[in-house]
Amino acid sequence: MKRYLPYRNLALLSLLFVWLSSGIVKAQNNQFYNDAYQTIDNMLNNKQKYSFKDAVFSVENAYLQGKLDTVQLNNEIRFLTKFAKAIVINRNLTYKQSDKDRVSKYAAVYSIMCQTLPIAIKDTVIQYKPFNYDFTDVFGHNDITNLFVSKLLATKKGNCNSMPYLYKILAEELGETANLALAPNHVYIKHQIKSDGWYNTELTSGMFPQDSWLMASGYIHLDAIKNGVFMKALNDKESLALCLFDLAQAYNRNFPGNDGEFVLKAVNRALEVYPNFAKALILKAETHKEQFTKLMDKHNLKTDTSENIKLVQQQDTKAKELMEFMTKEYGHIYEIGYRQMPEEMYLDWLVSLRTERDKYENKKLMNNFSK
């Protein structure tokens, strides 16, 4: 004998199927992403104590939908901070300027990130192994968690996103700041000290490269330097703008095909803080492009003909508005000096720092950071 579901239950199941299949799991109302956004926004508005560590982990926790083990991560950060403090106490740098205490902390974090160090445990000496660059999926195309600090701490392998982020976190745990800086497809550290002024710390190779290496990429236009697109020492709030971009990017991975509302909210907030943040400007333009494409599909028009692109703007005022946004946004990105660097060329440029070390290394700084 067949059994039938009551009509009410059948209707509810049908509604649930439509709800799930159409993607109306209101992505833009995802609580983890809303919480992460609010955390960063509160820091920017001085409603919450600034912490780059908390901002970074809030982004990673949002992507992992609340499954990030922040207790374990904070324990690891505490261990590395204590280790750095021990290095400061037990090592006397040759550096002689009045900011030696601060420089000693920078040197300690650098050592933890880039150098093999002996650790005495009772009567045994073990070798601490530094973090290494991971050339696998360096842009996070296959798995965005390859860009995460949590992945770096778990595997001791990272890239130009996670390694400078961890450096900044450890510097702040020691009571100092560390300025992130951008190059094409790249993040590194800039410090200002009395002996040398501004200098670069490149964690992927464990070096202090001169600016000539950055310029050697061939993709840093003078306008990009003048407008703060590249090679600018970012302040703490501008660094939070990077976290907002990371949040928007992670959101797109969690919810492909979303309506763009949350992404635009995050990148617009980032751009309020750092107006010439090229990656945020590009993501904003690409989000508008995706929205435009969806309108084309809605009107059963293909985007590969100029006639259809004109037609949809005549039929839909929103399409016209989006086209105006895109034209202005892509033009602005070019005007501020941004040039896109091919990914394979980026990797060659990154490797050049190791293969041409004598050409680009700041040897004076290396000597200052020795005993």
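Which elements each supply at least two residues of the lining of the largest pocket? Keep that in mind as you click along; the reply comes at the pocket stop.

**Before you start.** You're looking at a predicted model, where local features need pLDDT of at least 70, side-chain atom pairs count only at pLDDT 80 or more, and totals for chains, interfaces and linings use all residues. Numbering runs from 1 along each chain as its sequence is written, and side-chain values use heavy atoms, with hydrogens and water left out.

**Stop 1: strand β6.** Select residues 186-193, which form β6. Strands here are DSSP runs of E with at least two residues, helices are runs of H or I with at least four, and both are numbered from the N terminus. Seven of the eight residues in β6 are buried, so the strand is largely enclosed by the rest of the structure. Buried means under 20% relative accessible area, with exposed over 50% and partly exposed in between, using a 1.4 Å probe and protein chains only.

Now add β5, residues 179-183, which pairs with β6 in the antiparallel sense over five bridges. (Two strands pair if DSSP finds at least two bridges between them.) Find Asn-179 and you'll see it opposite Lys-190. The β5 and β6 hairpin has two residues between the strands, and Asn-185 takes a positive phi near 60° there.

Next, show β7, residues 197-201, which also pairs with β6 in the antiparallel sense over five bridges. Three residues make up the hairpin link from β6 to β7, and Gln-192 stands opposite Trp-198 in β7.

**Stop 2: the largest pocket.** Rolling a probe the size of a water molecule over the atoms shows where empty space is left. On a 1 Å grid over the protein atoms alone, a pocket is an open set of points with protein on both sides within 12 Å along at least five of seven lines; a cavity is a set where a 1.4 Å probe fits but cannot get out; lining residues have an atom within 4 Å of a point. Points are joined across faces, edges and corners, and a volume is the space filled by probe spheres set on them.

The largest pocket has a volume of about 910 Å³. Of its 32 lining residues, select the closest to its centre: Asn-185, Phe-245, Gln-249, Lys-279 and Tyr-338. Here's the reply to the opening: β5, β6, α10 (236-254), α12 (278-298) and α14 (317-335) each supply at least two lining residues. By class, the lining has 19 nonpolar, seven polar and six charged residues, where Ala, Val, Leu, Ile, Met, Phe, Trp, Tyr, Cys and Pro count as nonpolar, Asp, Glu, Lys and Arg as charged, and the others, Gly among them, as polar.

**Stop 3: the cavities.** How many cavities of 30 Å³ or more are there? The count comes to two. The largest holds about 100 Å³ of space, and α3 (52-63) and α10 each give two or more residues to its lining. Among the residues to select are Val-56, Glu-60, Phe-148 and Asp-246.

The second largest has about 50 Å³. Its lining includes Leu-182, Val-187, Phe-245 and Lys-279, and α10 provides the largest share, three residues.

**Last stop: Ser-162.** This residue sits in helix α7, residues 162-173. Is Ser-162 buried or exposed? Ser-162 is buried, with a relative accessible area of 0%. Not counting residues up to four places away in sequence, Ser-162 touches Leu-147, Phe-148, Val-149 and Leu-152, with contact meaning heavy atoms within 4.5 Å.
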